[in-house]
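Work through the exercises below with the model open beside you, trying each task before reading its solution.

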Amino acid sequence: MALLNELFEAKKFVVTVEIGPPKGVDLTEALEDAELLRGRVDAFNVTDQQSSVMRLGSLPLCHLLKDRGLEPVFQITCRDRNRIALQSDLLSAYVLGVQNILCLTGDHVSLGDHPQAKPVFDLDSVSLLQAASLLQKGQDLAGKELKGKPQFSLGAVVTPGGDPVELQIIKMEKKVKAGAQFFQTQAVYEPETFARFMDKVSYLNVPVMVGIVLLKSAAMARFMNKNVAGVHVPENLIEEMDKAPNKAQKSIEIAARLIREMRPLCQGVHIMPIGWEKRVPALLDAAGL
Amino acid sequence: MIVTEQKAFTEIVGYLNPYKRLFIVGCGSCATAWHTGGETEVREMAGKLQDMGKIITGWVVVEEPCDERKTKRELQRAHAAEVAEAEALLVMACGAGTGTVAMAIPDKPIYPALNSLYLARLERLTRTDERCVLCGECVLAWTGGICPLATCPKGLLNGPCGGYKDGHCEVDQSKECAWVAIYQRMKNLDSLEMLETIHPPKDFSKMTHPRRVDKTPA
């Protein structure tokens with residue numbers, strides 16, 4: 001097992017897969033899904049109450065994966081914790097052997113299943129990265145000295161399809177300055193758009209993992225186009241899905257093609273199966289990974 | 001201005017259930033401009049309560065009920081007799097106005113008729129939007145006069161999240177993304193480089209309640 005920044009430094013094409021903790025305490029399925037991919041992916045990216053839906057925490061599942069010899073990435077968002085809790089959880093992650101950290105702002109609570117909750121956002125993704133960087137230097141945000149310094153591999157996210165994209169790039173640069181060592185992107189379906197984006201951010205000299213979300217149907221593609229910011233599925237892919245007799249097979253074929261096309265443009269791929277975890281091995285086969 | 005909305009009449013009636021004789025206080029400032037607690041609304045409220053059999057001992061629209069001097073002048077002097085006859089007061093002002101009335105009349109129960117919503121720009125007589133959260137350390141110098149704390153649901157200080165689409169916010173697609181608006185304004189002002197600065201987290205100690213300023217010389 002190696003930390004993600006070490007893999008990027010070794011010029012490896014990094015493959016991570018997203019895995020969501022359950023709503024409840026039965027981890028059977030989550031651990032089964034991870035086990036299916038043992039030896040096939042570099043890390044498991046564990047979501048932090050994704051879409052603001054209350055679930056089991058990211059950190060305990062990261063820890064359990066680590067115990068089983070699987071490398072986790074701890075997603076940590078600013079939605080539910082203030083700077084005291086965030087820094088404390090970063091320290092906790094380190095002592096539990098969890099060192100890959102993905103720093104996110106987090107979805108707003110109004111999009112989840114507890115819309116009346118108080119949204120925190122005491123820090124944002126940039127200041128969270130700064131906090132993690134400071135902790136590594138043995139200091140906290142209040143300037144107090146730590147007993148023992150943690151070491152992290154710090155990641156962040158970016159949306160190549162954001163419009164205006166300059167606004168995404170300004171923030172991406174801030175994240176690099178704040179300590180981000182790698183990026184993963186929102187789902188990309190247009191290699192040309194991604195190529196233009198990668199060209200624009202090449203000056204940042206930071207590894208980027210392209211985000212791949214498995215399309216399940218033409219309806220899902222249309223839904224994302226209408227509702228998901230920064231995601232655009234082109235009409236030809238929607239048609240391809242629509243006409244396909246076997247949707248699952250077509251979904252994998254499209255995702256594998258996207259990975260093959262974008263592989264030369266970036267340093268890794270982050271797969272978000274959203275319920276189709278069991279199909280990831282087939283995708284990896286098809287993509288030659 | 002402070003934007004308010006009238007509470008549901010059933011909620012107001014619920015509070016006033018134990019009382020027969022009431023005095024109503026309106027606000028001559030924000031609640032008059034926004035038509036939630038001016039003279040017209042106070043008269044309407046009085047009429048509806050009278051229809052239910054309540055006795056309105058009197059009413060007044062205080063120029064600024066959040067100004068304790070003006071409130072005391074009206075309630076303790078000009079309308080003292082009518083207030084004395086009432087068992088309770090209903091205040092049609094923001095929380096600051098209602099709270100000030102409570103301080104001025106310590107011996108009678110006070111009830112709010114309005115919910116206080118936000119500090120706003122009055123765009124036109126029927127439209128306002130939130131512009132300031134009274135954070136205690138104004139950031140407008142580097143955001144082109146558009147407050148991200150008041151106009152971004154996450155109050156982000158270092159640029160947008162990934163949730164903007166066609167310039168709109170994913171939390172409420174009818175609203176524009178604060179950071180797209182800031183970006184466009186800074187671009188027009190040829191000051192985009194100002195967006196490159198990393199801003200430290202907000203000092204929330206400046207928002208610890210209750211905040212109080214006393215400019216009286218010691």
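## Exercise 1: A threonine in chain B

B:T98 has a relative accessibility of 9% and therefore counts as buried, where buried stands for under 20% relative accessible area, exposed for over 50% and partly exposed for what lies in between (1.4 Å probe, protein chains only). The model is a predicted one, in which local features need pLDDT of at least 70 and side-chain atom pairs count only at pLDDT 80 or more, whereas totals for chains, interfaces and linings use all residues. Residues are numbered from 1 along each chain as its sequence is written, chains are lettered from A and ligands numbered from 1 in the order in which they are written, and side-chain values use heavy atoms, with hydrogens and water left out.

**Task.** Find the helix that holds B:T98, and then work out which residues B:T98 touches.

**Solution.** Begin with the helix: B:T98 belongs to α6 of chain B, residues 95-104, helices (H or I, at least four residues) and strands (E, at least two) being DSSP runs numbered from the N terminus. Next, leave out residues up to four places away in sequence, and B:T98 is found to touch B:V91, B:A93, B:I110 and B:P112, contact meaning heavy atoms within 4.5 Å. Finally, look at the side chain of B:T98, which has a polar atom 3.4 Å from the backbone oxygen of B:A93.

## Exercise 2: The side of chain A that touches chain B

**Task.** Describe the interface between chain A and chain B, starting from how many residues of each chain are in contact.

**Solution.** Start with the count, which gives 34 residues of chain A in contact with 26 residues of chain B. The area buried between the two chains is about 2,600 Å², and carbon and sulfur atoms give 57% of it; buried area is the accessible area (1.4 Å probe) that two parts lose on being put together, summed over both. Of the area that chain A buries against chain B, 23% comes from A:L167, A:K174 and A:A229, more than from any other three residues.

Then turn to the polar side of the interface, where there are 12 residue pairs in polar contact, both residues at pLDDT 80 or more, but zero salt bridges between chain A and chain B. A polar contact is a pair of N or O atoms within 3.5 Å; within protein, one must be able to donate a hydrogen and the other to accept it, and residues adjacent in sequence count only if both atoms are side-chain atoms. A salt bridge is a side-chain nitrogen of Lys or Arg within 4 Å of a carboxyl oxygen of Asp or Glu.

As for the elements, α5 (125-136), α6 (165-177) and α8 (218-227) of chain A each supply at least two residues of the side that touches chain B, and α6(A) gives the most, with seven residues.

To end on one residue of chain B, take B:V180 in helix α8 (residues 178-188) of chain B, which is buried at a relative accessible area of 4%. Apart from its neighbours within four places in sequence, B:V180 is in contact with A:P164, A:L167, B:Y164 and B:G167.

## Exercise 3: Helix α3 of chain A

**Task.** Establish which residues of α3(A) are buried, and what covers them.

**Solution.** In α3 of chain A, residues 58-67, the buried residues are A:S58, A:L59, A:L61, A:C62, A:L65 and A:K66. Seen down the axis of α3(A), these buried residues fall within an arc of 165°, so they line one face of the helix, the arc being that of the directions from the helix axis to the C-beta atoms. Among the elements that cover them are β1 (14-19), α2 (28-36), β2 (43-46), β3 (72-77) and α4 (83-95) of chain A. Just after the helix, A:G69 takes a positive phi of about 80°.

## Exercise 4: Two salt bridges

**Task.** Compare where the partners lie in the salt bridges A:D48 with A:R81 and B:E85 with B:R21.

**Solution.** In the salt bridge of A:D48 with A:R81, the closest N and O atoms are 2.5 Å apart. A:D48 lies in the loop between β2 and α3 of chain A and A:R81 in the loop between β3 and α4 of chain A, so the pair ties together parts 33 residues apart in sequence. Both A:D48 and A:R81 are buried.

The side chains of B:E85 and B:R21 meet at 3.0 Å, N to O, and this pair links helix α5 (residues 80-85) with strand β2 (residues 21-27) of chain B, 64 residues apart. B:E85 is partly exposed at 43% relative accessibility, and B:R21 is partly exposed with a relative accessible area of 29%.
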